[in-house]
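Look at the sequence and the model below before reading on. The paragraphs that follow go from a bound ligand to the domains around it, and then to the cysteines.

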Amino acid sequence: MANQRATATAHANIAVVKYWGVADSALTLPYNESVSMNLDHCTTTTTVAFDGSLPADEVGIAWFGREMEEVTGQAYERVVAQLDRVRMRAGIEEWARVESANTFPADAGIASSASAFAALTTAAAGAAGLQLGEHELSILTRRSGSGSACRSIPPGFVHWRNDGTDAGSYAVSVAMPNDWALADVVAIVDTGPKSVGSAENHRLAVTSPYFKVRLQEVPARVNGCLRAIREHELATLGLIAEADAVSLHVVAMTAQPPTFYWRPGTLRVMQAVHDWRKEGFLSYWTMDAGANVHVLCAMSDAPAVAQRLEALPEVQFTITNGPGPGAYLHAE
Ligand code: DP6
């Protein structure tokens, strides 16, 4: 089946209840369930072409505003491992040329691995002739090692369910993108690389004495967020997102060895958002394993939030997102 190609697009996502801690690294099974929103302005588009004449897999990536670069080292190995899962499933042996393009900058602190592995898996499965539905695609994407990528497969607001088994750990939509005009305004305060990647910290989470406490708290947060999404309750969702982000960072800061992701700009934005709330201007923050802050607000308030954030000296730029679609294959 030489020369089979397909192109797919997937969106990054921001979690309001986060995945933190891996129970099974071989299958990427999390300890806890999580809830997220796909980001409509942060996408990865990937073309996979299986080609019998290639001597090995080739992987190129183009970041926003940059030329295509060849991917090497660990990042390359992770792509090859995911292609291997697809090849095994499809019963094919050809190597592939993979070309990926992101609509957001590499240094924006937006987890690019989620959109990258969701687009890669969707395109590779399509190119290999696999007819996978959303459920199977989210399981296959999860196994890539970037667990949060499984949440970029279904559209809109997404729940990563998990019963601790391979078949029972998958993502489903709980609301469509146009169900709720929620915005995520990303405030970039730090463009440097992460001090410690999430993969290592997923393994270290269990060394924090607060990890057990976090796991006890998460189910109520998941239920609270699912209800808040259904009922469009920004204040409920926002307060849960803030509590969950703090809990993740406390675990990271008290793991052995600890990681401190926050920077002065992170705290500046957190403080500003709290001050705005006191004035009655509703916005809430969350962060991933990094220093940049995602500010959640009503879409109608997003221009004002972006303007206020950009007025802070610590904020370099902002990216405004609404709820995004799921991963999809392009028509050839
Ligand atoms: C803090 O291992 O899924 O963003 O670190 O980007 O590879 P990468 O993703 P993954 O860890 C995600 C950790 C998180 C929380 C979340 O998105 O749920």
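Which atom of Tyr19 lies 2.8 Å from an oxygen atom of the ligand? This is a predicted model, and the distances here are computed from it. In Tyr19, the atom in question is a backbone N or O atom. Two other residues reach ligand oxygen atoms through their side chains. A polar side-chain atom of Ser113 is 2.4 Å from one oxygen atom of the ligand. In Arg151, a side-chain N or O atom is 2.8 Å from a ligand oxygen atom. The protein covers 94% of the ligand's accessible area, which is 460 Å² for the ligand on its own.

The three residues just named belong to a wider shell. There are 17 residues around the ligand, and the nearest of them are Tyr19, Ser113, Ser148, Arg151 and Ser198. Sorted by class, this shell holds six nonpolar residues, seven polar residues and four charged residues.

The next step is to place the ligand within the chain as a whole. The chain is divided into two parts: domain 1 covers residues 5-179, and domain 2 covers residues 182-321. Where does the ligand lie with respect to domain 1 and domain 2? Both domains give residues to the shell around the ligand, so the ligand lies between them. The domains also touch each other directly, with 30 residues of domain 1 in contact with 41 residues of domain 2. Taken over C-alpha atoms, the centres of domain 1 and domain 2 are 23 Å apart.

The last topic is the cysteines. A disulfide is a covalent bond between the sulfur atoms of two cysteines. How many disulfides does the count come to? The count is zero, with a cut-off of 2.5 Å between cysteine sulfur atoms. Two cysteines show why. For Cys225, the closest cysteine sulfur is the one in Cys297, and the two sulfurs are too far apart for a bond because 16 Å separate them. For Cys297, the closest cysteine sulfur belongs to Cys42, and at 14 Å that sulfur is also too far away for a bond.

Are Cys225 and Cys297 buried or exposed? Cys225 is buried, and its relative accessible area is 0%. Cys297 is buried as well, again with a relative accessible area of 0%.

Terms used. Residues are numbered from 1 along each chain as its sequence is written. This is a predicted model: local features need pLDDT of at least 70, side-chain atom pairs count only at pLDDT 80 or more; totals for chains, interfaces and linings use all residues. Side-chain values use heavy atoms; hydrogens and water are left out. Buried means under 20% relative accessible area, exposed over 50%, partly exposed in between (1.4 Å probe, protein chains only). A residue is near a molecule or strand if one of its heavy atoms lies within 4 Å of it. A polar contact is a pair of N or O atoms within 3.5 Å; within protein, one must be able to donate a hydrogen and the other to accept it, and residues adjacent in sequence count only if both atoms are side-chain atoms. Accessible areas come from the Shrake-Rupley method with a 1.4 Å probe; for residues, only the protein chains shown count as cover. Ala, Val, Leu, Ile, Met, Phe, Trp, Tyr, Cys and Pro count as nonpolar, Asp, Glu, Lys and Arg as charged, and the others, Gly among them, as polar. Domain bounds come from an automatic or database domain assignment. Contact means heavy atoms within 4.5 Å.
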